[in-house]
Amino acid sequence: MTGSIPAEGTRTAQGTAPVRHVRTARGTTLQAVLLDMDGTLVDTEGFWWAAEVSVFAEFGHELTEEQRQVVVGGPMSRSAAYLIATTGADIGLTELAGRLNTRFEELIDGDVPLMPGARRLLTELAAHDVPTALVSASHRRIIDRVLRSLGHEFHLSVAGDEIPRTKPHPDPYLHAAAALGADTRRCAVVEDTLTGVTAAEAAGCAVVAVPSVAPIEPAPGRHLVRSLTEVDLPFLRSVVDRLQ
């Protein structure tokens with residue numbers, strides 16, 4: 001589904017949520033927490049790579065680790081186009097995206113494994129009424145399926161096929177913050193890839209990087225942690241405070 005995020009609300013696993021009424025924490029520095037999905041909250045990066053390897057094997061192409069490092073964390077359109085270009089596979093971009101999404105759904109086949117610390121962090125944010133958004137480069141059909149496994153009601157979710165430009169452009173995070181009525185400089189973003197980190201930093205957000213498949217280099221204002229077990233609400237508040 002392509003288009004802009006609705007002004008009155010946005011899709012969640014349950015349908016449409018009226019985001020314009022979300023109460024941000026105006027009295028505190030932290031106003032919202034925006035979280036990536038694949039590799040950050042759910043352990044799915046390996047499933048995506050397995051789907052890509054499987055589909056391209058059907059066309060007689062063997063993908064390499066070098067190609068994996070390029071596509072990890074990237075939007076479907078960019079990753080699929082890159083793999084077509086580097087392999088020469090005889091398939092169009094739209095057909096390939098459909099095949100990859102279908103193969104991914106076949107591989108996860110039920111509940112999606114969560115990353116260590118994800119459930120605790122989401123529970124803590126909900127307990128303190130912190131506005132949250134799921135901001136992913138994955139397509140809506142994938143996000144809605146994964147949301148059922150997460151068991152957390154986000155105030156909104158942003159899919160990669162719902163906006164003209166997705167990560168590494170800042171647009172997804174700018175959209176999410178605007179929909180929540182939050183200042184991007186008062187939003188904490190949690191990401192696992194350089195693509196996502198680049199998008200969040202370009203939007204002006206405070207960024208916590210939790211590298212999954214590919215390493216992320218330290219940079220000024222970038223907070224690196226080993227897993228979500230190191231991330232809690234006081235920590236997220238502190239990284240936003242340092243940005244002010």
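**Exercise 1. Find the buried residues of helix H8 in this predicted model, then work out what they pack against.**

Solution. Start with the helix itself, residues 194-202. Go along it and pick out the buried positions: Thr 195, Gly 196, Val 197, Ala 199 and Ala 200. Next, look at what these residues pack against. You should find helix H3 (76-87), H7, strand S6 (187-191), S7 and S8. Finally, step past the end of the helix: H8 is followed by Gly 204, which has a positive phi, near 90 degrees.

**Exercise 2. How many residues of H7 are buried, and what do they pack against?**

Solution. First, count. Seven of the 10 residues in H7 are buried, and that leaves the helix mostly covered. Then name them: Asp 171, Pro 172, Tyr 173, Ala 176, Ala 177, Ala 179 and Leu 180. Now check the partners, which are S3, S4, S5, S6 and H8. To finish, look just after H7, where Gly 181 has a positive phi of about 70 degrees.

While you're in this area, have a look at the loop between strand S5 (156-158) and helix H7 (171-180), where Pro 168 sits. The peptide bond joining Lys 167 and Pro 168 is cis, with omega at about 15 degrees.

**Exercise 3. Is Asp 36 buried or exposed, and which residues is it in contact with?**

Solution. Locate Asp 36 in the loop between strand S3 (32-35) and H1. Its relative accessibility is 6%, and the cut-off for buried is under 20%, so Asp 36 counts as buried. Now look for a side-chain partner: a polar contact of 2.8 Å links Asp 36 with the side chain of Thr 40. Last, skip the neighbours within four places in sequence and see what else Asp 36 touches. The contacts include Leu 134, Val 135 and Ser 136, along with Lys 167 and Tyr 173. Val 190, Glu 191 and Asp 192 are also among them.

**Exercise 4. Compare two loop residues, Asp 129 and Gly 221: where does each one lie, and is each buried or exposed?**

Solution. Take Asp 129 to begin with. You'll find it in the loop between H5 and strand S4 (132-135). With 53% relative accessibility, Asp 129 counts as exposed. Check its backbone too: phi is near 55 degrees, a positive value in a residue other than glycine.

Move on to Gly 221, in the loop between strand S7 (206-209) and strand S8 (222-224). At 52% relative accessibility, Gly 221 counts as exposed. From C-alpha to C-alpha, Gly 221 is 9.7 Å from Cys 205, with their positions 16 residues apart in sequence.

**Exercise 5. How do helices H5 and H9 pack?**

Solution. Two packed helices are described by the angle between their axes and the distance between the axes. For H5 (residues 118-127) and H9 (residues 233-243), the angle is about 75 degrees and the axes are 10 Å apart. That angle makes H5 roughly perpendicular to H9. Now list who makes the contact: Leu 121, Glu 124 and Leu 125 from H5, and Leu 233, Pro 234 and Leu 236 from H9. Sort them by class and you get five nonpolar residues, no polar ones and one charged.

**Exercise 6. Search the whole structure for aromatic pairs: how many are there?**

Solution. The search turns up one. The ring centres of Trp 48 and Phe 104 are 3.9 Å apart and the planes are at 10 degrees, so the pair is stacked. Now place the partners: Trp 48 is in helix H1 (residues 45-57) and Phe 104 in helix H4 (residues 93-108). They're 56 residues apart, so to speak a link between distant parts of the chain. Both are buried.

How values were computed: Residues are numbered from 1 along each chain as its sequence is written. This is a predicted model: local features need pLDDT of at least 70, side-chain atom pairs count only at pLDDT 80 or more; totals for chains, interfaces and linings use all residues. Side-chain values use heavy atoms; hydrogens and water are left out. Axes are lines fitted to C-alpha atoms, for helices over the stretch in contact, and angles run from 0 to 180 degrees between N-to-C directions. Helices (H or I, at least four residues) and strands (E, at least two) are DSSP runs, numbered from the N terminus. Angles under 35 degrees count as roughly parallel, over 145 as roughly antiparallel, 65 to 115 as roughly perpendicular and the rest as oblique. Contact means heavy atoms within 4.5 Å. Ala, Val, Leu, Ile, Met, Phe, Trp, Tyr, Cys and Pro count as nonpolar, Asp, Glu, Lys and Arg as charged, and the others, Gly among them, as polar. Rings of Phe, Tyr and Trp (its six-membered ring) pair if their centres lie within 6.5 Å; planes under 30 degrees apart count as stacked, over 60 as edge-to-face and the rest as tilted. Buried means under 20% relative accessible area, exposed over 50%, partly exposed in between (1.4 Å probe, protein chains only). A polar contact is a pair of N or O atoms within 3.5 Å; within protein, one must be able to donate a hydrogen and the other to accept it, and residues adjacent in sequence count only if both atoms are side-chain atoms.
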